[in-house]
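Here are some notes to read alongside the model, for anyone opening it for the first time. Have the viewer ready and go point by point.

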Amino acid sequence: MPNTLIRNATIVTMDSQGDLPVGDLLVHQDRIEAIAPAIDADDAEVVDATGCIVIPGLVNAHMHTWQTALRGVAANWTLLEYFQKMHAGLATAFAPEDLFIATRMGALNQLNCGTTTLADWCHNNPTPGHNDAAIEGLLSTGIRAAFFHGTPKPDPKPGQVPFWEVPHPRKEVERLLAAHQGKALLSIQAAVLGPHYSTLDVAMHDFRMARELGLIASLHQGGGAARTPDGWERLEAAGLLGPNINIVHGHALSDAQLERFCGLGMSFSAAAESEMSQGHGHPLTGRLLRFGRAPSLGVDLESVLSGDMLTQARVALGIQRSLDNVAYREQHGTIPPTSTITTREALAWVTVEGARMLRQLDRIGTLAPGKQADLVLVRASDLNMQPVHDPVSSVVFQASLANIDSVMVAGQWRKRAGELLAGDLRADLQKLRASGLKITRAMGLAA
Ligand SMILES: [Zn+2]
């Protein structure tokens, strides 16, 4: 692979070394070799990035990519309708090939939108074939991915053990680990039910399994009553909480719990737009900030909303500023003297914090020599971006998919000059449409 020299760009590193108003970035193989005001490299392919802002590749910390063929289907459902119609309904009609095409196209859309790392939270996988198909879909795109192996949530049939009483299938996780260990762009992790959605025995088993296998255990917390109301206390007493536990949503946690969990190094992922839409409540962002922590962000559901992570940063920032402003006004009768959260913090939620949640901050999340070359060129010379007075604010508030010019993962261009480098997608889009139609028809949602 020839070296790549990205020249004359504004470089937002999100790293302690600071940003460069104009500078060069040299990529050697899969890594960043150097970042400096001017770099000479005779043997490099030079990319003139004049007018571009380079940012770290975005990290989508939570998405159920298997729902890509159902875009818009759940847009008007609350969480209760979603459980019934999606998990107990549509999900049951998926064959492995539906997992493949949804995951491939969902991941390609992530790359197109500037996401270089995707935490794919896959919980519609009743057979090993479904897992293999989903992972194949991820690998077919070149995205950096964490495959969070989950379990389906159908309504129990008469005589069947309900899903909340079934321990996580350790053998299948071990099979996936053995098959994919050492792959540069893929890690296998665990998407478990947790105490909100399972019995205590299952939660204990699953947390132990994750710890023994060295995996992140990610779980949904919130939405209706908990199956094990004192589950967190029992798990903590058993010494099973720590940095490998990732809580998604988490609204029902008390401040005391949240403070303890922050102290234990657990991570938190907010899906701000989906949470607001489906009835969870307000994202955890402000409560975490009070304890010196910050959330990673995820799209959660393309069956409801757009896959674009910059939108997620904007929505999460907007709702937290609104909450803070309203609280300040109620207390002081006036507007706060300045914004409570900066755009740089919001950009960190979709870069640094996502990398931290995946325990890969030593490799991704910021731009620095030695780190993986996962980066995005945002074309700031466009009509909706000019003039740029503050590059970070321009990226967070002005940029959209229309400005995502180029995307690199581990030194490889996956999008270049506005063009996704994934070949002709017409046949794949046809398969995605056919899959979506088959599934919605099977459940009586389409003619
Ligand atoms: Zn979710």
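1. A term to settle before anything else: a residue is called buried under 20% relative accessible area, exposed over 50%, and partly exposed in between. Phe83, with a relative accessible area of 22%, therefore goes down as partly exposed. Keep in mind as you read that this is a predicted model.

2. Now for the metal. Which residues coordinate the zinc ion? They are His62, His64 and His220, each through NE2, plus Asp300 through OD, at 2.1 to 2.5 Å. Written along the sequence, the spacing of these donor residues is H-x1-H-x155-H-x79-D. Two of them are worth a closer look: His64 sits in the loop between strand E6 (58–63) and helix H1 (79–87), while Asp300 sits in the loop between strand E13 (296–297) and helix H11 (309–332), so this pair ties together parts that are 236 residues apart in sequence. Both His64 and Asp300 are buried.

3. What about the geometry of the zinc ion's surroundings? The 4 donor atoms subtend angles of 85 to 173°, which makes the arrangement irregular. For four donors to count as tetrahedral, all angles would have to lie between 85 and 135 degrees.

4. Asp300 deserves its own point. Its phi is near 70°, a positive value in a residue other than glycine. As a reminder, most residues other than glycine have a negative phi. With a relative accessible area of 3%, Asp300 is buried.

5. Ala410 shows a positive phi too, near 50°, and is likewise a residue other than glycine. You'll find Ala410 in the loop between strand E15 (404–409) and strand E16 (412–416). A relative accessible area of 11% makes Ala410 buried.

6. One more backbone item: where is the cis peptide bond that joins Gln386 to a proline? The partner is Pro387, and omega is about -10°. Most peptide bonds are trans. Pro387 lies in the loop between strand E14 (375–379) and helix H14 (391–398).

7. On to the aromatic rings, where the count comes to 6 pairs. In one of them, Trp66 and Phe94 have ring centres 5.3 Å apart and planes at 85°, so the pair is edge-to-face. It links distant parts of the chain, with Trp66 in the loop between E6 and H1 and Phe94 in the loop between H1 and helix H2 (96–112), 28 residues apart. Both rings belong to buried residues: Trp66 is at 0% relative accessibility, and Phe94 is at 6%.

8. Tyr82 and Phe83 make a tilted pair, because their ring centres are 6.2 Å apart and their planes are at 50°. Is Tyr82 buried or exposed? Tyr82 counts as buried, at 4% relative accessibility, whereas Phe83 is partly exposed. Ring pairs also bring in Tyr197, so to speak: Tyr82, Phe83 and Tyr197 are linked into a cluster.

9. Two arginines pair up with tryptophan rings. Arg227 lies over the face of Trp164, at 3.6 Å from the ring centre. The charged end of Arg416 sits over the ring of Trp413, 5.0 Å from its centre.

10. How many cavities of 30 Å³ or more does a search of the whole structure find? The search finds 2, and the largest has a volume of about 110 Å³. Lining the largest cavity are 14 residues, and the closest to its centre are Leu79, Tyr82, Phe83, His220 and His249. You have met some of these names already: Tyr82 and Phe83 belong to the ring cluster, and His220 is a zinc donor. H1 supplies the largest share of the lining, 4 residues.

11. Last, two residues for orientation. Gly239 is in the loop between helix H7 (231–237) and strand E11 (245–249), and is partly exposed with a relative accessible area of 37%. Its C-alpha atom is separated by 10.0 Å from that of Phe207, 32 residues apart along the chain. Ser406, in strand E15, is buried with a relative accessible area of 0%. From Ser406 to Thr338 the C-alpha distance is 34 Å, and the two are 68 residues apart in sequence.

Definitions and conventions. Residues are numbered from 1 along each chain as its sequence is written. This is a predicted model: local features need pLDDT of at least 70, side-chain atom pairs count only at pLDDT 80 or more; totals for chains, interfaces and linings use all residues. Side-chain values use heavy atoms; hydrogens and water are left out. Donors are N, O and S atoms within 2.8 Å of the metal (3.2 Å for Na, K and Ca); water is not among the atoms, so sites may look incomplete. Four donors count as tetrahedral if all angles lie between 85 and 135 degrees; four count as square planar and six as octahedral if opposite donors are over 155 degrees apart and all others between 65 and 115; anything else is irregular. Helices (H or I, at least four residues) and strands (E, at least two) are DSSP runs, numbered from the N terminus. Buried means under 20% relative accessible area, exposed over 50%, partly exposed in between (1.4 Å probe, protein chains only). Rings of Phe, Tyr and Trp (its six-membered ring) pair if their centres lie within 6.5 Å; planes under 30 degrees apart count as stacked, over 60 as edge-to-face and the rest as tilted. A charge sits over a ring if NZ of Lys or CZ of Arg is within 6 Å of the ring centre and within 35 degrees of the ring normal. On a 1 Å grid over the protein atoms alone, a cavity is a set of points where a 1.4 Å probe fits but cannot get out, and a pocket is an open set with protein on both sides within 12 Å along at least five of seven lines; lining residues have an atom within 4 Å of a point. Grid points are joined across faces, edges and corners, and a volume is the space filled by probe spheres set on the points.
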